[in-house]
Amino acid sequence: MDGEGTGTDAGIRTMRPCLEPGCGMLVERGRCPEHAQERQRAAHRSYDRRRPKTAARGYGGAWQKLSRAYLQTHWLCEDCGHRKAVLVDHVKPIKEGGAMLDPWNLQALCWSCHERKKHVERVK
Ligand SMILES: [Zn+2]
Ligand SMILES: [Zn+2]
């Protein structure tokens, strides 16, 4: 260890030019405020584009309505079958091509089954 690295901030900050080519404004790191903001906006736009419109909207009103209605008729967890269902999950995950708003692709789950399922899906 030569004292470099972890937070040896002696009050001297190296200023670097903004990462945006041709800008040249000196900043502590990254980009100047103007370009940082521009970057953020661009990232936000591409993020929106990556998401299917239906998914973004589906998890809003339509999904809320459907899952609530589903829970009203399926009040027991469909996995363990004896605990109270608290949320609606997709049998086939959306990211695997499952239909988000298709009642046939829904299942009511209790918390513990949902947590377990989530875990299994992440490990997979
Ligand atoms: Zn800049
Ligand atoms: Zn359960």
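Me: A residue is buried if 20 or more other C-beta atoms lie within 10 Å of its own. What percentage of the 124 residues of the protein chain counts as buried by that rule?

Reply: Welcome! This is a predicted model, and 6% of the 124 residues in its protein chain count as buried.

Me: Why is A36 called partly exposed?

Reply: A36 has 15 C-beta neighbours inside 10 Å. Buried starts at 20 and exposed ends at 12, with partly exposed in between. The value 15 falls between those cut-offs, so A36 is partly exposed.

Me: What makes R31 a contact of A36?

Reply: Two residues are in contact if their C-beta atoms lie within 7 Å. With neighbours within four places in sequence set aside, A36 meets that condition with G30 and R31. A36 itself sits in helix 1, which spans residues 33-50. As for L19, 17 residues away along the chain, its C-alpha atom is 9.3 Å from that of A36.

Me: Why is W111 called partly exposed?

Reply: W111 has 13 other C-beta atoms within 10 Å. A residue with 12 or fewer would be exposed, and one with 20 or more would be buried. The count of 13 lies in between, so W111 is partly exposed. You will find W111 in helix 4, residues 111-123. Its C-alpha lies 8.9 Å from that of C77, although 34 residues separate the two in sequence.

Me: How do you know that A108 is buried, and which residues share the largest nonpolar core with it?

Reply: A108 belongs to the largest nonpolar core, which has 8 residues. Members of such a core must be buried, so A108 is buried. The others are C77, A85, V88, L106, L109, C110 and C113. Strand 4, residues 106-109, gives the most to this core, with 3 residues. Beyond four places in sequence, the contacts of A108 include C77, A85 and V88, along with Y70, L71, H74 and E78. In soluble globular proteins, nonpolar side chains tend to be buried together.

Me: Which elements make up the protein chain, and in what order?

Reply: The chain has 4 helices and 4 strands. Starting at the N terminus, they follow the order β-β-α-α-α-β-β-α.

Me: Where in the protein chain is confidence highest, and where is it lowest?

Reply: Strand 4 has the highest confidence, with a mean pLDDT of 95, whereas helix 2 (residues 53-58) has the lowest, with a mean of 51. Over the whole protein chain the average is 82, and 77% of the residues score at least 70.

Methods: Residues are numbered from 1 along each chain as its sequence is written. Chains are lettered from A and ligands numbered from 1 in the order in which they are written. This is a predicted model: local features need pLDDT of at least 70, side-chain atom pairs count only at pLDDT 80 or more; totals for chains, interfaces and linings use all residues. Helices (H or I, at least four residues) and strands (E, at least two) are DSSP runs, numbered from the N terminus. A nonpolar core is a set of buried Ala, Val, Leu, Ile, Met, Phe, Trp, Tyr and Cys residues joined through C-beta atoms within 7 Å. pLDDT is the predictor's confidence in each residue, from 0 to 100.
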